[in-house]
Amino acid sequence: MALQISATNPEHPVLLLELPWDVPLEEWPEEVLVPLPRGISRHVVRYARAGDEVIAVKELAERPALNEYDMLRDLDRLAIPSVDPLAVVTGRTDADGNPLESVLVTRHLGGSMPYRSMFETTMRPATMHRLMDALAVLLVRLHLAGFAWGDCSLSNTLFRRDAGAYAAYLVDAETGELHPQLSNGQREYDLDLARVNISGELLDLEASGALHPSVDAIAFGMEICERYRSLWEELTRTSVYPAGKYHYIERRIRRLNDLGFDVAEMQIEHANNGDTVTFVPKVVDAGHHQRQLLRLTGLDTEENQARRLLNDLESWMATQDDYAPGDPLGARPEVLAHRWVRDVFRPTVRAVPVELRGSMDPAEIYHELLEHRWYLSERAQHDIPLDAVVEDYIENILPKARETLIPTEPVAE
Ligand SMILES: Nc1ncnc2c1ncn2[C@@H]1O[C@H](COP(=O)(O)OP(=O)(O)OP(=O)(O)O)[C@@H](O)[C@H]1O
Ligand SMILES: [Mg+2]
């Protein structure tokens with residue numbers, strides 16, 4: 001049997017060939033290894049250097065190695081935060097020709113910490129709540145993508161700091177299964193495993209004296225379930241809103257954004273009596289809105305601007321008579337988007353006199369107007385039409401903005 005390296009990137013096999021595949025992983029020499037903290041695991045795992053990369057090498061039987069490799073590639077494709085699969089090495093033999101186990105190679109997740117290393121510094125309970133939040137978000141994202149983890153635990157998760165919060169990454173996909181969609185039973189089963197695993201891991205820490213005395217291991221296990229459930233509900237519930245209350249929809253979108261989720265598309269449907277709409281949010285990756293807005297309208301904006309503009313575009317589309325998503329006879333989204341740019345976006349921006357715009361570009365002005373509409377609608381408890389918003393904006397907001405832009409008079413000498 002010959003050594004075989006299957007890799008995601010054609011450059012990697014060359015770099016990986018330098019490593020001592022004829023030596024059991026446990027006996028790899030110091031000079032190829034990188035000493036970074038590792039979590040606990042059944043298999044032998046080591047970090048090594050390959051070119052400029054630090055890689056994680058895990059020794060396991062061929063079939064599970066290939067299986068986990070495929071699974072991690074699927075997760076990558078679904079834009080789930082997980083370690084990047086780089087290669088599987090099979091057909092290893094030692095110097096005497098005896099077979100050695102296959103290995104799975106992943107990219108070391110930079111800046112990540114196994115939870116045990118984080119707890120060594122006796123973590124404050126507030127930080128632990130943030131970790132549970134991150135893990136709940138990860139589990140929800142996996143489930144939305146149809147992935148049943150089968151072994152959600154702290155030691156199968158890596159945590160990375162993320163703008164003042166934490167982001168959780170899946171590290172061990174061996175037990176995972178991908179389905180078109182998960183049933184409630186499958187989700188509950190996965191969640192129950194998570195609860196039992198996490199409580200068990202925390203009890204372990206407690207026994208070794210590494211847990212903050214105020215932390216209740218069992219309660220924390222339950223907490224992940226609660227956080228998961230409320231997040232799932234917020235993301236997946238279908239809501240019905242009365243007509244003329246579009247700012248309710250916006251309120252819900254903003255709440256999802258605050259939870260760290262984006263809304264990819266809305267399904268606004270007019271009900272039989274013509275006065276209600278429903279919508280379903282989806283989870284998407286970063287930069288999604290920017291790309292989508294550019295494709296639909298040719299407007300090149302920042303991500304946050306794009307998100308607000310798309311929300312507005314989609315709400316507007318739903319009010320159009322020929323809007324029928326999925327129906328070949330309905331207008332194509334590009335056509336509707338073009339109409340929106342021509343009939344809504346441009347006239348609205350043009351209503352703001354050029355000399356009052358300062359350094360704001362059209363997308364920023366429109367974004368500002370949407371923010372102002374949101375503010376006015378929330379205050380009035382009903383939708384305010386855009387032309388009234390523009391008027392109020394020019395009269396009440398722009399003069400104040402200009403005041404702060406005018407440079408202070410130089411002091412006379
Ligand atoms: N790409 C990576 N980046 C950073 N750390 C990693 C990476 N891959 C593995 N690790 C570390 O190695 C540990 C063990 O990995 P993993 O959970 O895949 O092994 P395992 O033997 O399959 O675990 P289990 O006992 O749950 O079956 C992880 O907890 C993590 O700390
Ligand atoms: Mg593991």
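**Exercise 1.** Does aspartate 204 count as buried, partly exposed or exposed, and at what relative accessibility? Then place its salt-bridge partner.

*Solution.* This is a predicted model. Step one: take the cut-offs, with buried under 20% relative accessible area and exposed over 50%. Step two: aspartate 204 has 46% relative accessibility, so it counts as partly exposed. Step three: its side chain meets that of arginine 116 in a salt bridge, at 3.6 Å from N to O. Step four: arginine 116 sits in helix α3 and aspartate 204 in helix α5, 88 residues apart. Step five: arginine 116 has 26% relative accessibility, so it too is partly exposed.

**Exercise 2.** Find the residues that coordinate the magnesium ion (ligand 2). Decide whether each is buried or exposed.

*Solution.* Step one: the ion is coordinated by Asn156 through OD1 and by Asp172 through OD, at 2.0 to 2.4 Å. Step two: asparagine 156 lies in the loop between β7 and β8, and aspartate 172 in the loop between β9 and β10. They are 16 residues apart. Step three: asparagine 156 is at 8% relative accessibility, so it counts as buried. Aspartate 172 is at 13%, so it counts as buried as well.

**Exercise 3.** Trace the neighbours of strand β4. How many of its six residues are buried?

*Solution.* Step one: β1 (residues 4-7) and β4 are joined by four bridges and run antiparallel. Serine 6 has valine 88 of β4 as its bridge partner. Step two: β4 and β5 (residues 102-107) are also antiparallel, again with four bridges. Here valine 88 stands opposite leucine 104. Step three: six of the six residues of β4 are buried, so the strand is largely enclosed by the rest of the structure.

**Exercise 4.** Describe the largest nonpolar core. Why does it lie between two domains?

*Solution.* Step one: the core has 54 residues, and Phe119, Leu142, Trp149, Leu170 and Leu202 touch the most other members. Step two: α4 gives the most, with 10 residues. Step three: domain 1 (4-108) and domain 2 (113-235) both give residues, so the core lies between them. Step four: set this core beside another one, which lies apart from it and has 32 residues, including Leu293, Ala306, Leu376 and Ile384. Step five: look at leucine 170. Beyond its neighbours within four places in sequence, its contacts include Leu72, Pro81, Leu138, Trp149 and Asn156.

**Exercise 5.** How many salt bridges does the structure hold? Work through two that involve strand β3.

*Solution.* Step one: there are 20 salt bridges. Step two: lysine 58 and glutamate 68 meet at 3.1 Å, N to O. Lysine 58 is in β3 and glutamate 68 in helix α2, so the pair ties together parts 10 residues apart in sequence. Both residues are buried. Step three: arginine 92 and glutamate 59 meet at 2.8 Å, N to O. Arginine 92 is in the loop between β4 and β5 and glutamate 59 in β3, so this pair ties together parts 33 residues apart in sequence. Both are buried here too.

**Exercise 6.** Which loop holds alanine 79, and which holds glutamine 381?

*Solution.* Step one: alanine 79 lies in the loop between α2 and β4. It has a positive phi of about 60 degrees, although it is not a glycine. Step two: glutamine 381 lies in the loop between α11 and α12. It is not a glycine, yet its phi is positive, at about 65 degrees. Step three: alanine 79 is partly exposed at 32% relative accessibility, and glutamine 381 is partly exposed at 37%.

Notes
Residues are numbered from 1 along each chain as its sequence is written. Chains are lettered from A and ligands numbered from 1 in the order in which they are written. This is a predicted model: local features need pLDDT of at least 70, side-chain atom pairs count only at pLDDT 80 or more; totals for chains, interfaces and linings use all residues. Side-chain values use heavy atoms; hydrogens and water are left out. Donors are N, O and S atoms within 2.8 Å of the metal (3.2 Å for Na, K and Ca); water is not among the atoms, so sites may look incomplete. Buried means under 20% relative accessible area, exposed over 50%, partly exposed in between (1.4 Å probe, protein chains only). Two strands pair if DSSP finds at least two bridges between them. A nonpolar core is a set of buried Ala, Val, Leu, Ile, Met, Phe, Trp, Tyr and Cys residues joined through side-chain atoms within 4.5 Å. Domain bounds come from an automatic or database domain assignment. Contact means heavy atoms within 4.5 Å. A salt bridge is a side-chain nitrogen of Lys or Arg within 4 Å of a carboxyl oxygen of Asp or Glu.
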